[in-house]
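Hi everyone, thanks for making time for this. I'd like to walk you through one structure, so please have the viewer open and follow along with me.

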Amino acid sequence: MIPLTPLPVVRLKVDRLKIAWMAVAITDPNPIHLEDAVAHQAGFPSVIAHGTFAIGLMGLLLTRWAGQQQVRHVEARLLAPVFPGEELLCQGEVTGIEEDQVQLRLQVLSGERQVAVGSATVARPIAGGPV
């Protein structure tokens with residue numbers, strides 16, 4: 001049996017410039033991500049970051065740990081908004097091991113606040129590799 005290496009922790013500081021670039025990158029013209037006045041009308045203290053930041057961190061954690069080719073399935077649920085100035089931290093844990101795959105639980109935090117949760121399945125290599 002191949003030992004499992006610990007999952008990495010990945011971090012990202014979210015700022016207004018990153019939010020603006022994300023809006024361009026994913027062609028999301030929703031002004032709630034760019035204009036404070038619109039965010040205030042929706043009940044938020046400022047613009048909100050795209051959910052893509054939290055989901056992307058989950059993907060980064062998985063690919064750093066297992067490799068892109070090994071990722072088989074990912075599910076994610078956004079729980080809370082993320083605001084400029086917050087630092088996101090993504091962490092995961094193994095919840096199950098089968099002969100050819102590993103089940104994981106993932107979470108993204110901003111401080112103590114959970115902003116996203118998810119699960120994933122990655123293929124377990126027969127020989128070599130980080131998993």
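Let me start with a question: with which side chain does the side chain of Gln 103 make a polar contact? Keep in mind while you look that this is a predicted model. The partner is the side chain of Thr 121, at 2.9 Å.

Let's stay with Gln 103 for a moment. You'll find Gln 103 in strand β4. Its relative accessible area is 25%, so Gln 103 counts as partly exposed. Setting aside residues up to four places away in sequence, Gln 103 touches Glu 93, Val 94, Thr 95 and Gly 96, and also Ala 120 and Thr 121. If you want one more distance to check in your viewer, take Arg 124: it sits 21 residues from Gln 103 along the chain, and the two C-alpha atoms are separated by 9.9 Å.

Now let's zoom out. The protein chain has three helices and five strands, and along the sequence they come in the pattern β-α-α-α-β-β-β-β. Along the principal axes, the C-alpha atoms fill a box of roughly 55 × 30 × 20 Å. The chain has 131 residues, and 34% of them count as buried. For those of you who like contact statistics: among contacts between residues at least 6 apart in sequence, 65% join residues at least 24 apart. The accessible surface comes to about 7400 Å², and carbon and sulfur atoms account for 56% of that.

On to the helices, beginning with α1, residues 16-25. At its N-terminal end there is a cap from Asp 15, with a side-chain oxygen 3.1 Å from the backbone nitrogen of Leu 17. Which residues of α1 are buried? They are Ile 19, Met 22 and Ala 23. These three cover an arc of only 100° around the axis, which puts them on the same side of α1. As a reminder, an α-helix has 3.6 residues a turn, so residues three or four places apart point the same way. Turn to the other side of α1 and you see Leu 17, Trp 21, Val 24 and Ala 25, which are exposed. As for the buried residues, what covers them includes α3, residues 52-66.

Just after α1 comes something for the torsion-angle fans. Thr 27 has a positive phi of about 45°, although Thr 27 is not a glycine. This residue belongs to the loop between α1 and α2. Is Thr 27 buried or exposed? With a relative accessibility of 66%, Thr 27 counts as exposed.

That brings us to α3. This helix has 15 residues and reaches 21 Å from its first C-alpha to its last, close to the 21 Å expected at 1.5 Å a residue. Its buried residues are Phe 53, Ala 54, Leu 57, Met 58, Leu 61, Leu 62, Trp 65 and Ala 66. What do the buried residues of α3 pack against? The list holds α1 and the strands β1, β2, β3, β4 and β5. Right behind α3 comes Gly 67, again with a positive phi, this one near 95°.

My last stop is the aromatic pair, and the structure holds one. The rings belong to Phe 44 and Phe 83; their centres are 6.2 Å apart and their planes are at 55°, so the pair is tilted. Phe 44 lies in the loop between α2 and α3, and Phe 83 in the loop between β2 and β3, so the pair ties together parts that are 39 residues apart in sequence.

How do the two partners compare in exposure? Phe 83 has 15% relative accessibility and counts as buried, whereas Phe 44, at 24%, counts as partly exposed. The cut-off for buried is under 20% relative accessible area, so the two residues fall in separate classes. Leaving aside neighbours within four places in sequence, Phe 83 is in contact with Val 14, Phe 44, Pro 45, Ser 46, Val 47 and Ile 48. And for one more distance, Phe 83 and Thr 52 are 31 residues apart in sequence and 13 Å apart in space, C-alpha to C-alpha.

That's my tour. Thanks for listening, and I'm happy to take questions.

Note on methods. Residues numbered from 1 in each chain as written. Predicted model: local features only at pLDDT ≥ 70, side-chain atom pairs only at ≥ 80, totals over all residues. Heavy atoms only, no water. Buried < 20%, exposed > 50% of the residue type's maximum accessible area, 1.4 Å probe, protein only. Helix = DSSP H or I, 4+ residues; strand = E, 2+ residues; numbered from the N terminus. Arc of directions from axis to C-beta. Contact = heavy atoms within 4.5 Å. Polar contact = N/O pair within 3.5 Å; in protein donor to acceptor, adjacent residues only side chain to side chain. Expected span 1.5 Å × (residues − 1). Areas by Shrake-Rupley, 256 points an atom, 1.4 Å probe, with all protein chains shown as cover. Phe/Tyr/Trp six-rings, centres within 6.5 Å; stacked < 30°, edge-to-face > 60°.
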